[in-house]
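Biologist: Please take a close look at the charged side-chain pairs in this model. I would also like to hear about the cysteines.

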Amino acid sequence: MVKTGASERDETVSFDDEELILVDDEDQELGYLSKAKCHEGDGVLHRAFSLFVFNRDGELLLQQRAAGKRLWPLYWSNSCCSHPRRGERMAEAAHRRLWQEVGIEAELDYLYKFRYQAQFDPDGAEHELCWVYLGISDEEPRPNRQEIADWCWISPTRLDAELVTQAERYTPWFKMEWKRLRNEFANKLKRYTR
């Protein structure tokens, strides 16, 4: 549940005219396009990242996307996801966005990257070459209300059960990434989940 009061923040950190990095299937840069244009129609392939941050008890930090999001508003998703800016290294972007969006710092370890396309409605989609990171932090989230409607810590076992009974509440990229973490990267995940 979201904590209220001084821990909450309200700051615009994402803009429709922000330039995203266009890439090919091999993650080679092709150019730049506004965030709004990248997400129109079927989407244009661009570079992104997803963070899975765990606490020392092995629980995963989930966030519910803000109601004002163009794509998947109020859906539950991983700890943080966004895009690097023009000229920004991926690790720098991941740490920057985790602070801007969630208000925490974490040790982050790159795990893998993959391409996906997910259609939200006829007018908008995600089409990303996404870098996936695992991290650890025991800091109390201070959510940015422009980005996050709610948040919680959840055990992997409980999350697995929810993804069976309430899968429609979660973003498509999160479901794809979690399945791969639980299957292909189960041994690495153990370091974070105990």
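Modeller: A salt bridge here is a side-chain nitrogen of Lys or Arg within 4 Å of a carboxyl oxygen of Asp or Glu. The model is a predicted one. Under that cut-off, Glu107 and Arg56 form a salt bridge, with 3.8 Å from N to O. The two residues lie 51 positions apart in the chain, Glu107 in strand S7 (residues 107-121) and Arg56 in the loop between S3 and strand S4 (60-65). Glu107 is partly exposed, at 48% relative accessible area, and Arg56 is also partly exposed, at 41%.

This pair belongs to a longer list, as the whole structure contains 19 salt bridges. Another of them joins Glu29 to Arg47, whose closest N and O atoms are 3.3 Å apart. Here too the link is between distant parts of the chain: Glu29 is in strand S2 (residues 29-34) and Arg47 is in strand S3 (residues 46-54), 18 residues apart. The surroundings of the two partners can be put in numbers. Glu29 is partly exposed, with 45% relative accessibility, whereas Arg47 is buried, with a relative accessible area of 11%. Both residues also take part in a network of salt bridges that includes Asp27 and Lys113.

The helices supply a further example. Arg182 and Asp160 form a salt bridge in which the closest N and O atoms are 2.5 Å apart. Arg182 sits in helix H4 (residues 172-183) and Asp160 in helix H3 (residues 156-165), and 22 residues separate them along the chain. Arg182 is partly exposed, with a relative accessible area of 30%; Asp160 is partly exposed as well, at 25%. As a general point, side chains of opposite charge can pair when their charged atoms come close.

Now the cysteines. The count of disulfides is zero, where a disulfide requires a pair of cysteine sulfur atoms within 2.5 Å. Cys38 is not bonded because the closest cysteine sulfur, that of Cys130, is 14 Å from its own, too far for a bond. Cys38 is buried, with a relative accessible area of 0%. Cys80 is in no disulfide either, and the nearest cysteine sulfur, in Cys81, is 6.4 Å away. Cys80 is buried, also with a relative accessible area of 0%.

Definitions and conventions
Residues numbered from 1 in each chain as written. Predicted model: local features only at pLDDT ≥ 70, side-chain atom pairs only at ≥ 80, totals over all residues. Heavy atoms only, no water. Helix = DSSP H or I, 4+ residues; strand = E, 2+ residues; numbered from the N terminus. Buried < 20%, exposed > 50% of the residue type's maximum accessible area, 1.4 Å probe, protein only.
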